[in-house]
Amino acid sequence: MSIPMMPAGPGGPGDPGGPGDPATTMLEPTATEHGTSLWRGAVQRLRRNPAAIIGALIVLAFVVVAIIAPLLAPYQPGTGEWAGQVTPGKVPGPSDEHVLGLDSFGSDMLTQLLYGARQSLVYGVVSTAVGLVVGASLGLLAGGFGAVGGRFGKAVDTLVMRLVDIMLSVPSLLLAVSIAAVLGKNAYAIIIAIGVAQVPIFARLLRGSMLAQGRSDYVLAASALGIRKRRIVMSHVLPNSLGPTIVQATLNLATAIIEVAALSYLGLGEGNPAVAEWGRMLVAAQDRFAVDPRLAIYPGVAIAITALGFTLFGEALREALDPRSRR
Amino acid sequence: MTRTTGTTGNHPGREPLLAVRDLRVEFGLRGQRSTQAVDGVTFDIQPGEHVGLVGESGSGKSVTSLAVMGLLPRRGVRTSGEVRYDGRNLLDLGQSAMSKLRGRDIAMVFQDPMTSLNPVVTVGVQVAEVISRHNDVSKKEARDRAGDLLKRVGIPDPVRRLKEYPHQLSGGMRQRVLIAIALACNPRLLIADEPTTALDVTIQAQVLEVLKELVAETDAALLMITHDLGVVAGLCDRVNVMYSGRIVESTTRDVLFSQPRHPYTGGLLRSIPRLDSPRGEPLHAIPGSPTSTLPWTQGCAFAPRCERVVAACTDQPPALTDEGIRHVRCHHPLEPTDPVTDARSEVAR
């Protein structure tokens with residue numbers, strides 16, 4: 001192979017074999033050894049964004065607390081051990097034994113909050129995962145067929161998306177009530193209700209970005225090379241469309257945690273009022289809000305901070321993955 | 001109007017590799033006014049021949065190539081005519097048969113190397129997937145071949161490049177990768193749709209050189225779609241000049257550059273800036289814009305912009321007349337003695 005001249009300067013192939021290829025080092029400082037993928041670049045941008053760092057720290061702290069709650073908590077949750085100290089007019093406040101005081105059922109407030117993180121994390125993650133898996137599968141089906149399937153594909157796309165529209169038209173609260181009526185008042189009802197409510201969001205998002213990606217040049221180029229449709233969808237269109245969906249999942253975690261609290265506040269979740277769950281704690285605090293706002297403030301702040309953490313992180317992730325913000 | 005293989009000049013008597021006959025492509029949804037993008041295009045490509053398809057934006061050259069590849073969307077597009085390859089009419093071929101043919105028999109290099117590669121998949125995977133699609137080889141074998149291909153298109157350190165993502169390569173290198181992908185299965189026909197338009201001028205020549213070498217090595221025929229007569233001069237044996245969906249002049253490269261007959265071709269040649277023209281003299285341009293056309297059914301589409309327009313031009317559509325060494329569609333063509341200088345010597349590389 002003889003190429004008459006090698007181009008010099010940036011934009012050229014550079015010197016063969018040199019690890020410090022000037023063209024690449026100038027653009028991506030760490031790109032010399034391994035490939036820099038879209039994701040790796042996104043991580044680099046995330047590390048430069050203070051909002052992302054704060055969000056990530058909150059999320060990390062929340063997850064760690066949730067996991068090692070038994071080690072951190074001074075007592076057992078939901079025991080009501082000190083119920084004798086709780087009078088209708090007064091709940092004991094912070095003391096040496098109970099740093100944040102007791103809750104209205106006579107359990108240690110700090111313990112309840114720590115274990116509550118655990119509940120929120122499990123409910124939030126599981127329900128979002130349910131929504132993501134079901135929603136993304138439907139979106140993949142509709143988007144994949146819609147993007148490359150021709151006339152038949154359009155029909156599949158339309159059918160799936162009308163189903164999703166039907167799901168979207170059912171209010172999540174109504175859904176939660178119905179599911180709770182069928183399954184009884186327990187955690188599954190909340191998880192399924194919140195998960196199902198998220199399905200249309202993910203389905204529409206993934207389908208939309210897959211349809212947009214389906215019109216791109218590299219899809220045309222792949223078809224021009226005879227690449228099979230299934231492969232075009234799975235290894236070209238899908239990976240390019242996942243970004244917004246993953247970001248949405250992060251943001252939905254925040255919403256899901258709030259919704260878990262909201263649904264258990266409405267009495268649809270966990271049946272036992274004394275269980276360590278932030279939403280239930282708010283319910284219990286409601287009666288005594290005028291006398292002892294502390295009872296509502298602790299779980300309220302916990303919910304707000306956690307949701308803030310996920311939102312900050314999700315927003316930063318969205319920015320970092322936005323192709324327009326690249327380089 | 002239909003040409004036989006005998007009149008295509010370079011390879012008399014041989015069966016053409018690709019025979020496009022009266023190809024028509026019409027855009028427009030039912031009930032709306034449709035646009036005739038390609039209007040009865042006829043040309044041949046002999047095995048191993050390099051054919052140019054020249055015209056400005058909107059002349060229908062890219063649509064012609066997409067129609068040949070069967071890549072036009074089905075909705076709102078009506079295609080008729082014949083694209084004969086290997087004794088089969090590609091326009092009648094089913095989707096799966098067409099998909100097998102693409103990449104293996106006919107491959108394509110697109111205009112924009114920035115968007116024609118998938119940004120989230122490594123270069124190696126993208127080269128190897130074409131190889132494994134059309135050949136029964138192991139993954140490792142496909143990857144090895146991919147490395148060889150990158151080397152052949154002049155990419156240094158191909159093993160490292162295989163692991164990289166498209167955005168880590170320069171524009172020129174990306175176009176080399178696309179050429180490697182297109183030629184991965186030794187196609188018999190390569191369609192290059194303005195492969196150098198999106199590149200730096202300095203890189204253009206190198207990429208063309210690579211393309212020329214590899215096409216010669218693999219003995220593939222080449223359909224070069226371009227608006228750059230310099231590319232034609234350097235690469236093509238025969239040239240078809242398109243205007244507003246029809247071929248207006250079709251001849252060999254040498255004849256085209258030395259004695260263009262169609263005023264549009266003449267205008268294109270004169271609009272190439274020359275080094276020896278006096279300084280300060282305005283550059284020659286064809287007046288008007290490609291949008292100011294006459295429908296071919298009423299007359300000559302080029303008439304509103306033509307310097308040699310006569311009454312007949314707006315009266316009846318000119319037919320493609322066979323002059324032996326060329327075909328030209330004009331009522332009042334340039335005479336061979338008319339002063340159009342030999343632009344070929346100027347732009348040939």
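The exercises below, each with a worked solution, concern a predicted model.

**Exercise 1.** Describe how helices α6 and α8 of chain A pack, and sort the residues of their contact by type.

*Solution.* Start with the geometry. Helix α6 (residues 150-169) of chain A and helix α8 (residues 187-214) of chain A have axes 9 Å apart, at an angle of about 145 degrees. The crossing of α6(A) and α8(A) is left-handed.

Next, list the residues. From α6(A) come A:Met161, A:Val164, A:Met167 and A:Leu168; they meet A:Val199, A:Pro200, A:Ala203, A:Arg204 and A:Arg207 of α8(A).

Finally, sort them. Seven residues of this contact are nonpolar, two are charged and none is polar.

**Exercise 2.** Find which helix gives the largest share of the side of domain 1 of chain B that touches domain 2 of chain B.

*Solution.* First, set the bounds: in chain B, domain 1 covers 3-105 + 187-275 + 284-348, and domain 2 covers 112-186. Their centres, taken over C-alpha atoms, are 29 Å apart.

Then count the contact, to which domain 1 of chain B gives 15 residues and domain 2 of chain B gives 18 residues. On the domain 1 side, helix α7 (residues 201-218) of chain B supplies the largest share, seven residues. By type, that side has ten nonpolar, three polar and two charged residues.

**Exercise 3.** Explain why the largest nonpolar core lies between the two domains of chain B.

*Solution.* The core has 184 residues, and B:Val127 is among those with the most contacts inside it. Helix α5 (residues 109-148) of chain A gives the most to this core, 17 residues. Domain 1 and domain 2 of chain B both contribute residues, so the core lies between them.

Key
Residues numbered from 1 in each chain as written. Chains lettered and ligands numbered in written order. Predicted model: local features only at pLDDT ≥ 70, side-chain atom pairs only at ≥ 80, totals over all residues. Axes fitted to C-alpha atoms, helices over the stretch in contact; angles between N-to-C directions. Helix = DSSP H or I, 4+ residues; strand = E, 2+ residues; numbered from the N terminus. Left-handed = near helix turned anticlockwise from the far one by under 90°. Contact = placed C-beta atoms within 7 Å. Nonpolar A, V, L, I, M, F, W, Y, C, P; charged D, E, K, R; others polar. Domains from an automatic or database assignment. Core = buried A, V, L, I, M, F, W, Y, C linked by C-beta atoms within 7 Å. Buried ≥ 20, exposed ≤ 12 C-beta atoms within 10 Å, placed from the backbone.
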